[in-house]
Amino acid sequence: MTKQLSNYVNRDLSWIEFNRRVLQEAQDMNNPLLERTKFLAIVTSNLDEFISVRVAGIQMQMRAGLTKMDFTGYTAQGLWKRLIKRTNQMVHDQYRTYREVFRCLSREGIFIRSIDELNLTQTKAVSDYFHEIVFPVLTPMAVDQSRPFPLVHTKELYLSVLLRQDGDPEEEEPYFAIVQVPSILPRFVPVPGRTNSKKTEFVLLEDLIEKFIDTLFNGYIPFSVSPFRITRNSDINLNEEDAEDLLEEIEKELRRRRWGIPVRLEVAKGMHPYALEMLMEELEIEDNLFEIDGPLDLSFLMKFVNALPGYDHLRYERMEPVYPREFDDTDDMFEVIRERDVLMYHPYESFAAVNDFVTQAAYDPDVLAIKMTLYRVSGQSALVQALGKAAESGKQVTVVVELKARFDEERNIAWARQLEKSGCHVVYGLVGLKTHAKILLVVRREQGTLRRYVHVGTGNYNDNTATLYTDIGLFTSHPIIGGDASALFNEVTGYSSPYEWKAFGVAPTDLKEKLYRLIDRERENALAGKPAKVIAKMNSLSNQEMIDKLYEASQAGVKIVLIVRGVCCLRPGVPGRSENIKVISIVDRFLEHSRIMYFYNGGEEEVYLSSADWMTRNLTRRIELMCPVFDPALRQILIRMLELNINDNVKARELQPSGAYVHVSQENGKPLRSQFEAKAISLWKGLA
């Protein structure tokens with residue numbers, strides 16, 4: 001008898017399926033070889049965050065004795081077992097792929113060698129490197145009665161070392177020590193080439209340390225050396241209501257993160273049983289043990305690939321973002337935006353235009369105020385420098401810095417302090433809410449009046465990720481959008497009564513309700529026999545009420561296409577409930593990150609850009625923004641982008657009612673890879 005499916009796919013199991021799609025890109029032999037290697041690194045980075053936050057949260061529920069089912073029908077205990085099983089299988093598949101990829105790399109002359117494979121000249125070279133560079137940095141840490149087990153940092157690589165002295169009986173308990181593999185040094189060590197060889201060879205740092213481990217333990221004999229790595233609970237729990245200084249409170253929490261409860265232990269396959277028992281006992285790990293057949297922590301492969309000279313034939317063809325042609329022949333971006341709205345599509349178009357806009361505003365004597373939100377910012381942010389210059393020149397500069405952007409907390413604290421030193425007004429948002437909206441407002445004096453210039457985006461103000469993620473940015477001087485932008489900053493930075501938004505949808509106050517109204521309008525049109533259609537592109541869909549609203553629309557006959565890169569808890573294609581809903585996911589060279597919403601509206605099509613995914617946290621616990629695109633030509637460009645995604649039959653996978661994803665068939669046409677089609681900026685700009 002077939003088990004009846006739940007109405008919803010579990011969020012965490014859906015995430016596992018997403019990371020499996022990332023792994024498939026590493027397995028895809030049509031992808032350039034070094035790009036496949038990068039995808040292996042991304043799988044590891046994704047899994048690290050998932051374990052340290054989501055799996056850690058499930059572990060906390062179990063420790064608290066919670067037995068309540070979530071809305072997808074899983075208890076914490078039941079979900080834990082499935083996640084451990086599936087992540088173990090994923091890691092097994094990842095390392096099988098790692099071996100396949102490096103077999104291919106070896107045919108291209110790229111090798112990661114074991115120390116024993118080196119010739120005498122090479123061995124001397126790496127020995128010199130160890131003694132001159134590595135040895136002075138290492139610190140052996142013994143564990144005995146007088147020296148308790150040291151703090152093991154999350155996601156750092158260590159070596160466990162078992163030792164004995166001459167004459168010790170073999171049955172006697174060995175000495176135990178650990179050595180941290182210094183992350184300040186490159187994980188991969190170049191090896192001098194062999195005579196008349198064009199091979200590029202490396203050894204791993206942990207293998208080099210193991211080779212000379214006896215230099216750290218004079219008078220002792222190391223007989224077992226094995227790498228290990230732990231992942232701790234990295235979520236931050238703040239009591240914002242009682243925090244006198246949010247910045248200081250987050251700094252305290254970041255320090256406490258180092259002592260987070262261990263959630264996962266990774267060890268090299270074949271670790272000595274005594275060393276494994278010691279680690280599991282000291283770290284209190286019971287059943288989340290990963291035995292790895294290969295190097296631990298493959299995230300190093302990203303730096304490894306980027307550090308390889310040449311080998312361009314093994315990479316994607318280099319793509320240089322073009323400067324938006326609307327701003328090509330002008331020194332006055334304000335003049336261009338006054339005349340028409342400007343849409344930018346990253347990474348095909350350069351984020352430098354945003355930096356230039358803020359820089360021009362900073363030096364323009366007619367600009368009175370600049371206000372913007374910062375969620376994740378690059379390490380060398382031109383925006384932050386320009387904002388500082390603007391404040392120093394006497395302009396009113398207000399920056400809403402989100403200190404709680406996960407894993408970017410320390411960087412954002414540093415930026416906040418730098419901005420304050422420059423004279424900017426720095427605001428940390430509202431208690432209990434993350435500020436995730438992406439908006440920039442410039443107020444300028446023009447001919448005796450004030451004009452507002454606004455930039456809204458689907459992605460962060462980060463010039464690094466703008467080369468890696470697909471995102472949309474909109475410049476406009478539309479007065480309705482400008483008025484809403486001013487009201488939004490007033491609500492975030494001061495005391496302000498709820499505002500009647502003219503154009504925006506803003507979470508947590510009314511974004512969900514606005515989306516409900518837009519979906520219900522399509523539903524009513526469908527019930528009246530009119531064409532009705534919704535297309536929504538986002539990163540994740542997991543809010544139960546939103547899913548139920550889409551089910552209602554589907555049952556009324558609304559045709560719904562969802563382009564959801566990652567987690568999707570909606571189960572499409574179920575007769576009587578969701579047969580009118582199609583869900584696709586695209587995983588390709590660039591991370592699909594834009595949020596675009598389309599509603600047919602009886603032929604009067606509406607298109608919105610948003611910072612928000614359709615997750616509970618975005619709709620109820622964050623300050624989010626959805627902005628309409630008023631310009632008809634720009635709406636058509638965005639519709640064309642959505643159509644490219646929908647018609648992708650190379651990198652698109654379609655979600656099945658079972659929760660599995662399958663590649664979209666190419667039976668009905670030639671291959672179409674939406675990200676590669678989107679490179680033709682002249683095509684989609686030419687639609688305007």
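## A guided tour of the predicted model

A search of the whole structure finds 0 disulfides. The structure on display is a predicted model. A disulfide is a covalent bond between the sulfur atoms of two cysteines.

**First stop: two cysteines.** Select Cys568 and Cys569 and display their side chains. Cys568 takes part in no disulfide, and the nearest cysteine sulfur to its own, that of Cys569, is 6.9 Å away. The same holds in the other direction: Cys569 is in no disulfide, and its nearest cysteine sulfur is that of Cys568, at 6.9 Å. Because two cysteine sulfur atoms must lie within 2.5 Å to count as a disulfide, the separation of 6.9 Å does not qualify. Are these residues buried or exposed? Cys568 has a relative accessibility of 1%, so it counts as buried. Cys569 is also buried, because its relative accessibility is 1%.

**Second stop: a tryptophan in a loop.** Next, select Trp614. This residue lies in the loop between strand 24 (606-610) and helix 16 (616-620). Trp614 counts as buried because its relative accessibility is 1%. Now add Val442 to the selection. How far apart are Trp614 and Val442 in sequence and in space? They are 172 residues apart in sequence, and their C-alpha atoms are 29 Å apart in space.

**Third stop: positive charge on the surface.** Select Lys81, Arg82, Lys85 and Arg86, which gather in a patch of positive charge on the surface. Take Lys85 as an example: it belongs to helix 3 (residues 76-107). Lys85 counts as exposed because its relative accessibility is 66%.

**Fourth stop: negative charge on the surface.** Select Glu170, Glu171, Glu172, Glu173, Glu277, Glu281, Glu282, Glu284, Glu286 and Asp287. These residues form a patch of negative charge on the surface. Glu171, one of its members, is found in the loop between strand 3 (157-164) and strand 4 (175-180). With a relative accessible area of 70%, Glu171 is exposed.

Keep Glu284, another member of the negative patch, selected for the next stop. Its place is in the loop between helix 7 (273-283) and strand 9 (289-292). Glu284 is exposed, because its relative accessible area is 58%.

**Fifth stop: backbone angles.** Most residues other than glycine have a negative phi, and most peptide bonds are trans. The residues that follow depart from one or other of these patterns.

Begin with Glu284, which is not a glycine but has a positive phi of about 55 degrees. Then select Lys155, also not a glycine, where phi is positive at about 60 degrees. Lys155 is found in the loop between strand 2 (140-143) and strand 3. Is Lys155 buried, partly exposed or exposed? Lys155 counts as partly exposed, because its relative accessibility is 24%.

**Last stop: two cis peptide bonds.** Select His346 and Pro347. The peptide bond that joins them is cis, with omega about 10 degrees. Pro347 lies in the loop between strand 10 (342-346) and helix 10 (352-363). Finally, select Ala507 and Pro508. The peptide bond from Ala507 to Pro508 is cis as well, with omega near 5 degrees. Pro508 is in the loop between strand 18 (505-507) and helix 14 (511-527).

Methods
Residues are numbered from 1 along each chain as its sequence is written. This is a predicted model: local features need pLDDT of at least 70, side-chain atom pairs count only at pLDDT 80 or more; totals for chains, interfaces and linings use all residues. Side-chain values use heavy atoms; hydrogens and water are left out. Patches are made of residues with over 30% relative accessible area and no salt bridge: like charges are joined within 9 Å, nonpolar side chains (Val, Leu, Ile, Met, Phe, Trp, Tyr) within 5 Å. Accessible areas come from the Shrake-Rupley method with a 1.4 Å probe; for residues, only the protein chains shown count as cover. A salt bridge is a side-chain nitrogen of Lys or Arg within 4 Å of a carboxyl oxygen of Asp or Glu. Lys and Arg count as positive and Asp and Glu as negative; His and the chain ends are not counted. The place of a charge is taken as NZ of Lys, CZ of Arg, CG of Asp or CD of Glu. Helices (H or I, at least four residues) and strands (E, at least two) are DSSP runs, numbered from the N terminus. Buried means under 20% relative accessible area, exposed over 50%, partly exposed in between (1.4 Å probe, protein chains only).
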